[in-house]
Amino acid sequence: MSSKAYDHAVVGAGSAGCVVARRLVERGNDVILLEAGAPDENHEERINTPVRFPELFKSEADWEYYTEPQPEMNDRRLYHPRGKTLGGSSSLNAMIYNRGVPWDYDNWASMGNDGWSHDEMLDAFKRSEDFVGSGDEEFHGTGGPLTVDDLSDPHPASEAFVDAAAECGIERNADINGRRQTGAGLYHVTQRDGKRCSSAAAFIKPVLDRAGLTVETRAHVTGIRFDDATRAEGVDYRRDGETHEVDVSEEVVLSAGAYDTPQLLMCSGVGPAEHLRDHDIDVVADRPGVGRNLQDHLFSFVVYDRTDDEPPAPTSNIGEGAGYTYVDDDEPAPDLQFHFCPTYYMNHGFDNPDGLGFSIGATQVRPESRGRVELASADPTDDPVVDPRYLSAEPDLEVLREGVKRAREIARADALDPYRGAEVWPGEDVETDAEIEEHVRETAHTVYHPVGTCRMGNDESAVVDDRLRVHGVDGVRVADTSVMPTIPSGNTNAPAIAVGERAASLLEA
Ligand SMILES: Cc1cc2nc3c(=O)[nH]c(=O)nc-3n(C[C@H](O)[C@H](O)[C@H](O)COP(=O)(O)OP(=O)(O)OC[C@H]3O[C@@H](n4cnc5c(N)ncnc54)[C@H](O)[C@@H]3O)c2cc1C
């Protein structure tokens with residue numbers, strides 16, 4: 001056992017953790033960033049070549065989680081990739097840069113979370129950003145560490161998708177991160193010169209030589225150490241079978257993601273007391289909300305063979321085309337999102353047929369279903385129990401069913417004539433609402449956006465306050481997607497990075 005002292009320990013070098021560590025080091029702090037995964041150089045080719053990201057699935061760079069059987073999804077156990085390397089899920093993701101809508105953040109603020117309104121989040125988004133694409137300047141930042149660009153070589157079928165959406169009444173929108181989200185266009189991507197710009201590449205690699213920054217990879221954090229009361233003294237981590245102690249004089253920041261952060265808190269004694277006692281864990285703070293409030297987006301795809309012979313470019317992020325529209329006109333912002341892929345995308349790509357295809361994924365962006373993360377055992381290296389309870393709220397299936405219908409309408413529009421071959425999913429014989437719902441239950445899967453398991457708020461079941469401090473203990477904050485009270489109406493990487501920015505500001509204030 002070895003032991004060393006720092007101002008701060010940041011647990012998890014993912015989308016948010018890299019930002020927190022970078023900003024703290026910039027301000028002269030002594031910081032250790034602890035990452036369970038291997039260095040990203042170990043997977044360099046697949047990480048840096050955007051079109052190859054699905055090859056990272058079920059590799060050493062993936063935690064490879066599985067849900068509990070989902071009763072509303074034909075009892076399937078759904079595969080959930082999560083990044084396990086420097087950069088975390090930002091090293092494994094589809095590189096879409098998308099922020100959600102102002103309503104998302106104003107809603108967080110209206111729940112009593114000061115500092116989290118859209119205006120304040122917009123500052124955080126812009127602070128990170130080095131926008132080199134085309135869009136509305138008022139809504140983008142330049143000179144920040146994270147390069148955000150247009151796709152350098154989008155597939156012509158993705159352009160055709162935008163025209164097809166317009167034929168179906170979803171008008172062209174040149175910047176879905178700009179003034180309004182509604183419409184169709186091409187996504188902005190976190191790429192620099194056509195290569196992935198992960199959170200590690202953006203925030204950590206450029207400062208690796210700075211005094212004050214220590215980065216440890218293959219360092220699996222096993223728990224927070226508290227003093228005799230409730231103050232965090234540091235963390236323990238395991239590497240190559242050996243246990244190391246890290247002492248902190250200031251704070252521990254948990255950025256291990258929406259599954260591993262609540263697991264770490266529970267293994268350290270912070271969580272629902274009864275559940276902790278069931279696993280013989282000493283209770284430091286009874287916080288019933290730890291692991292609750294899990295929210296995620298589902299993808300339900302329509303898939304077609306392609307009749308042309310152009311493969312996607314190496315710089316393709318696969319999810320090239322964007323669309324936002326309303327199923328329910330009374331919603332505060334579009335409730336339906338599309339991803340157009342100039343490829344087959346069936347079961348995360350594992351069931352793709354040979355040859356070329358295109359896919360349109362429909363997603364309900366503000367699902368009502370709520371799930372949970374629990375402990376399978378007190379061993380922090382065991383996988384947590386992940387139970388999203390998908391489609392347990394009735395409206396969620398309805399929106400997805402309508403989404404599949406609209407995706408099919410777009411796929412069958414004239415603009416896609418030059419590309420469209422036979423319908424593979426759901427298949428021509430699938431017509432009635434009941435048949436489409438069965439397609440959703442049988443084939444839908446995660447959009448990889450779990451959030452909410454350490455919810456920010458001031459009530460009994462909230463886990464962190466609006467300064468991201470864990471209720472009931474001292475010296476521990478959470479900075480990752482788990483603090484989000486509700487899921488943003490889009491992809492979650494940019495929001496996770498913005499949470500990292502906010503956390504760093506709060507740590508200094
Ligand atoms: C396949 C895939 C595709 C996606 N596509 C997109 C997209 O195109 N656009 C988008 O906006 N979002 C996308 N997302 C979602 C987005 O990437 C995530 O929401 C975001 O990265 C989450 O950030 P985070 O900081 O909360 O967690 P993560 O980035 O997952 O970081 C958590 C880090 O903590 C580490 N860790 C966990 N436990 C421990 C421990 N005990 N000790 C030490 N380290 C630990 C992990 O290894 C990881 O590095 C995708 C995600 C995936 C998986």
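## The loop around proline 426

Proline 426 sits in the loop that runs between strand 24 (420-425) and helix 10 (433-443). The model is a predicted one, and in it the peptide bond between tryptophan 425 and proline 426 is cis. The omega angle of this bond is about 0 degrees, so you may like to look at it when you step through the backbone.A second backbone feature of interest is asparagine 74, which has a positive phi of about 55 degrees although it is not a glycine. Asparagine 74 belongs to the loop between strand 3 (65-66) and strand 4 (79-80).

## Two domains

Let us step back to the whole chain. The protein chain is divided into domain 1 and domain 2. Domain 1 is put together from the segments 2-43, 199-291 and 451-508, while domain 2 takes in 152-186, 298-364 and 391-443. Taken over C-alpha atoms, the centres of domain 1 and domain 2 are 36 Å apart.

## An open sheet of four strands

Which strands make up the open sheet with mixed pairing, and in what order? There are 4 of them, arranged 5-9-7-6. Strand 5 (96-97) and strand 6 (129-131) are the edge strands, each pairing on one side only.

We can walk across this sheet from strand 5. Strand 5 runs antiparallel to strand 9 (residues 188-189), and 2 bridges join them. Here tyrosine 97 stands opposite histidine 188 of strand 9. Strand 9 also pairs with strand 7 in the antiparallel sense, over 2 bridges, and in this pairing aspartate 150 stands opposite histidine 188. Histidine 188 is thus a handy landmark, with tyrosine 97 and aspartate 150 as its opposite residues. The walk ends with strand 6 and strand 7, which run parallel and are joined by 3 bridges. The bridge partner of glutamate 129 is leucine 146 in strand 7.

A helix belongs in this picture too. Helix 4 (residues 118-128) lies across strand 5, strand 6 and strand 7 (146-150). Relative to strand 6, helix 4 runs at about 65 degrees.

## A hairpin and a parallel partner

Strand 14 (residues 232-239) and strand 15 (residues 242-254) run antiparallel and are joined by 6 bridges. Within this pair, valine 235 has valine 246 of strand 15 as its bridge partner. How many residues lie between the two strands of the hairpin formed by strand 14 and strand 15? There are 2, and aspartate 240 in the turn has a positive phi of about 50 degrees.

Strand 15 has a further pairing, in the parallel sense, with strand 26 (residues 476-478) over 3 bridges. In that pairing, valine 252 is matched with valine 476 of strand 26. As a reminder for reading side chains here, in a regular strand they alternate between the two faces of the sheet.

## The largest pocket

The largest pocket holds about 250 Å³ of space. Its lining consists of 13 residues, and those nearest the centre are Asp40, Asn48, Arg196, Ala201 and Lys205. Helix 2 (44-48) and strand 11 (195-196) each give at least two residues to the lining of this pocket. The largest share comes from helix 2, with 3 residues.

What is the make-up of the lining of the largest pocket by class? It has 8 charged residues, together with 3 nonpolar and 2 polar ones.

## The cavities

The structure holds 2 cavities of 30 Å³ or more. The second largest cavity has a volume of about 110 Å³. Its lining is made by 13 residues, of which Asp296, Pro367, Ser369, Tyr390 and Asp396 lie nearest the centre.

By class, the lining of the second largest cavity divides into 7 nonpolar, 4 polar and 2 charged residues. If you set this beside the pocket, you have 2 charged residues in the cavity lining and 8 in the lining of the largest pocket.

Terms used. Residues are numbered from 1 along each chain as its sequence is written. This is a predicted model: local features need pLDDT of at least 70, side-chain atom pairs count only at pLDDT 80 or more; totals for chains, interfaces and linings use all residues. Side-chain values use heavy atoms; hydrogens and water are left out. On a 1 Å grid over the protein atoms alone, a cavity is a set of points where a 1.4 Å probe fits but cannot get out, and a pocket is an open set with protein on both sides within 12 Å along at least five of seven lines; lining residues have an atom within 4 Å of a point. Grid points are joined across faces, edges and corners, and a volume is the space filled by probe spheres set on the points. Ala, Val, Leu, Ile, Met, Phe, Trp, Tyr, Cys and Pro count as nonpolar, Asp, Glu, Lys and Arg as charged, and the others, Gly among them, as polar. Domain bounds come from an automatic or database domain assignment. Two strands pair if DSSP finds at least two bridges between them. Contact means heavy atoms within 4.5 Å. Axes are lines fitted to C-alpha atoms, for helices over the stretch in contact, and angles run from 0 to 180 degrees between N-to-C directions.
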